[in-house]
Amino acid sequence: MGGCHLIDVRTIAMILNQDHTTDDKKLEITRHSGAHVMAEAVQSIFPDAKFGIGPAIENGFYYDFGLPHPLTPDDLPLIETKMNEIIAANVPFASQEVTKEEARRLFASQPYKLELIDEIPDEKVSLYQQGSFVDLCRGPHVRSTGEIKAFKLVSIAGAYWRGDEHRLMLQRIYGVAFETKKALAEYLKRLEEAAKRDHRKLGKELDLFSIHDEAGPGLVHWHPKGAIIRRLIEDFWRDEHIKRGYDIVYTPHIAKLDLWKTSGHWEFYHDYLYSPMEVEGQEYIIKPMNCLGHILIYKTKVRSYRELPLRYAELGTVYRYERSGVLHGLSRVRGFTQDDAHIFCRFDQLEDEVVGVLDLARFMMNTFGFTNYQVLLATRPEKYAGSAEVWEEATEILGRALARLNINYNIDPGEGVFYGPKIDIKLENALGRAWQGPTIQVDFNLPQRFDVTYIGEDGKEHLVAMVHRTVLGSMERFVASLIEHYGGVFPVWLAPLQVMVIPVADRHLDYAYKLESQLRSKGVRVGVDARSERLNLKIRQAQLDKVPYMLVVGDKEVANSTISVRLRSEEQLPSQSLDDFKETVTMAIADKITDLK
RNA sequence: GCCUGAGUAGCUCAGUUGGUUAGAGCAGCUGUUUUGUAAACAGCAGGUCGCGGGUUCGAAUCCCCCCUCAGGCUCCA
């Protein structure tokens with residue numbers, strides 16, 4: 001592909017504009033240039049490579065290659081070495097505009113490039129060249145390869161051409177790149193730190209949950225300590241919902257297939273449902289959602305406009321078939337418990353209801369200390385139920401509700417579910433990946449299909465407005481986020497074990513048990529480390545378990561009826577009476593405080 | 001589901017040009033130690049090397065199938 005001479009036009013423009021480009025923009029350009037340098041390196045090592053696309057992404061870049069043989073991690077250092085040579089040679093980037101005809105000739109052996117050329121609407125296309133590598137590219141690029149100061153190739157992955165799973169899979173190499181070596185090192189360090197907070201790792205270390213080959217992938221077993229955390233969240237959740245006018249309900253885990261045919265789930269979500277089982281000649285499925293049960297409860301009598309809104313809430317466990325490659329710890333599983341609720345209301349009540357849900361969602365996020373989340377308003381997709389006008393109106397209502405609470409949000413165009421617009425709140429986990437948390441969805445489909453109505457003031461039947469919503473997402477995913485958010489250092493109210501009493505020697509055991517029973521009677525989760533081990537070991541163990549309070553008791557404490565309090569932050573509190581400590585702990589629990597002072 | 005890589009004791013990991021009864025630390029058990037703020041000492045026990053097939057005189061090691069996991073892609077009501 002090499003050997004053509006290009007006139008440097010854009011690079012000059014870039015130099016002229018350089019003062020105006022922001023640092024972010026500059027970094028993005030550098031990353032993009034890094035992708036080109038990587039492509040050149042791959043071309044020189046594998047001359048038969050076919051080139052896909054190679055954009056800048058968050059933290060770095062990637063390039064997709066079609067190669068007749070698989071790349072292995074061993075190839076990365078070779079490619080890196082070659083890239084470093086190219087960078088050391090500091091070769092200039094040059095660009096040129098050519099006609100599509102010329103471009104097609106140039107890329108005659110590059111099927112992916114030809115496809116891209118065909119899709120560009122303009123008559124001319126632009127090319128960028130550095131060294132022997134020419135690429136179809138909009139640019140811009142850095143002036144020369146020497147401006148790429150710090151990069152590292154991090155992984156190889158398969159990626160469908162054009163993101164379409166029905167097309168060929170190319171091999172993608174991911175790289176990270178920063179403006180300086182220091183920034184790169186800091187980034188890699190951050191990744192390492194994030195990996196330590198990974199809920200899968202902490203879940204094992206802190207004995208919170210497990211997933212078993214024997215039982216099946218994506219099926220979570222909550223250990224006692226994990227179950228405590230979950231139960232506390234559930235209790236809090238239930239109490240808060242009751243305060244806010246929800247009714248708690250329970251619905252069965254299986255139901256007749258016909259129900260799911262009526263709802264349209266069988267038709268639309270067939271791939272996510274587990275196969276039917278036959279019971280007395282009838283087909284049943286395990287529920288993938290809770291909404292139908294709530295609708296059946298609603299429909300047990302004729303409803304008056306006076307009793308709306310009705311809010312049915314359920315910690316409902318559902319099962320969905322997720323493709324094996326997507327499972328991920330607690331975050332993506334096959335059986336999970338949604339903190340679900342369905343609100344049945346009049347259309348004119350919709351805005352207030354959405355405001356209520358948003359306020360609740362925000363309250364929950366704040367309580368658990370989540371400050372990093374993104375709010376998206378997803379609008380009408382191409383295929384949709386109901387009329388465009390109703391969609392329009394409902395979307396406006398969602399927007400107004402967000403505005404009333406001064407919540408910043410972005411529009412996610414066309415990303416609504418087919419049955420209605422929705423508000424999604426995405427949380428970021430320790431590795432910077434966004435996970436779906438709270439979601440509020442208006443549904444125009446089910447009320448129609450199940451004829452969910454109320455009698456209005458006018459004595460006539462009207463369809464209800466229906467809202468599906470969760471404020472945590474699912475218990476599994478939420479706990480995963482919590483583990484990573486706190487790095488396993490749970491606030492006192494959620495800590496599986498809140499206090500560990502550590503006697504210095506066996507003769508202090510009686511005193512230790514006395515403290516234990518007094519704290520336990522206050523509802524504190526407390527244990528005594530009664531092993532004949534040295535103090536240091538017991539401290540270490542409690543530290544590793546991230547127990548908020550360690551009460552060390554020895555001769556001094558027994559003699560003075562005091563306790564010595566060590567925090568997991570390694571801070572040492574002054575010697576104090578048990579009564580004082582009881583007050584400290586119970587307040588920390590009641591106020592759900594996150595820091596230990 | 002697709003691509004690449006991985007799977008050795010409860011946990012973290014050693015162990016390949018294929019070669020005796022597969023190792024270590026931690027955890028567990030037993031004993032000694034009675035300890036003052038992040039690991040006392042000694043001994044014991046613990047493994048069909050993910051499953052199943054194959055190649056070979058001989059397989060943790062090489063090949064094939066399957067399962068699971070990791071990182072991506074696609075998907076996520």
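Biologist: Where does Pro309 sit?

Modeller: Pro309 is in the loop between α11 (291-298) and β15 (310-319). This is a predicted model, by the way.

Biologist: And the peptide bond from Leu308 to Pro309, is that cis or trans?

Modeller: That one is cis, and its omega is near 0 degrees. For background, most peptide bonds are trans.

Biologist: OK, backbone angles then. What's the phi of Arg162?

Modeller: Positive, about 60 degrees, although Arg162 is not a glycine. As a general rule, most residues other than glycine have a negative phi.

Biologist: Where in the chain is Arg162?

Modeller: You'll find Arg162 in the loop between β7 and β8.

Biologist: Let's switch to the RNA. Which residues come nearest to RNA strand B?

Modeller: There are 56 residues around the strand, and Tyr160, Tyr272, Ser324, Arg540 and Ser564 come nearest. Of the atoms of RNA strand B that come within 4 Å of the protein, 55% belong to sugar and phosphate.

Biologist: What does the side chain of Arg540 have within reach on the strand?

Modeller: A base nitrogen: an N or O atom of the Arg540 side chain is 2.6 Å from it. Arg323 has a polar side-chain atom 3.2 Å from a base oxygen of RNA strand B. With Lys204 the partner is a phosphate oxygen, 3.3 Å from an N or O atom of the side chain.

Biologist: Which elements give two or more residues to that surface?

Modeller: They are β7 (150-160), β8 (169-178), α7 (199-205), α17 (535-544), α18 (555-560) and β27 (564-567).

Biologist: Which of them gives the most?

Modeller: That's α17, with seven residues.

Biologist: How does the surface near RNA strand B split by class?

Modeller: It has 24 nonpolar, 13 polar and 19 charged residues.

Biologist: Zooming out, how is chain A divided?

Modeller: Into domain 1 (10-187), domain 2 (201-486) and domain 3 (499-590). The C-alpha centres of domain 1 and domain 3 lie 59 Å apart.

Biologist: Now pockets. What's the volume of the largest one?

Modeller: About 1000 Å³. It is lined by 35 residues, and those closest to its centre are Arg320, Phe336, Gln338, Gln436 and Gln441.

Biologist: Which elements supply at least two residues each to that lining?

Modeller: Four strands and a helix do: β16 (335-345), β19 (422-428), β20 (434-443), β23 (465-474) and α15 (475-486). By class, the lining of the largest pocket has 12 nonpolar, 13 polar and 10 charged residues.

Biologist: How many cavities of 30 Å³ or more turn up in the whole structure?

Modeller: One. The largest cavity has a volume of about 60 Å³.

Biologist: What lines the largest cavity?

Modeller: Its lining includes Ser263, His265, Phe268, Tyr419, Asp443 and His468. The class split is five nonpolar, five polar and one charged.

Biologist: Last topic: how many aromatic pairs does the structure hold?

Modeller: It holds 24. One to look at is Phe51 with Tyr63: the ring centres are 5.8 Å apart and the planes are at 90 degrees, so the pair is edge-to-face.

Biologist: What does the pair of Phe51 and Tyr63 tie together?

Modeller: Phe51 lies in strand β1 (residues 50-51) and Tyr63 in strand β3 (residues 60-66), so the pair links parts that are 12 residues apart in sequence.

Definitions and conventions
Residues numbered from 1 in each chain as written. Chains lettered and ligands numbered in written order. Predicted model: local features only at pLDDT ≥ 70, side-chain atom pairs only at ≥ 80, totals over all residues. Heavy atoms only, no water. Near = heavy atom within 4 Å. Polar contact = N/O pair within 3.5 Å; in protein donor to acceptor, adjacent residues only side chain to side chain. Nonpolar A, V, L, I, M, F, W, Y, C, P; charged D, E, K, R; others polar. Domains from an automatic or database assignment. 1 Å grid on protein atoms, 1.4 Å probe; cavity = no way out; pocket = protein on both sides within 12 Å on 5 of 7 lines; lining within 4 Å. Points joined across faces, edges and corners; volume = space filled by probe spheres on them. Phe/Tyr/Trp six-rings, centres within 6.5 Å; stacked < 30°, edge-to-face > 60°.
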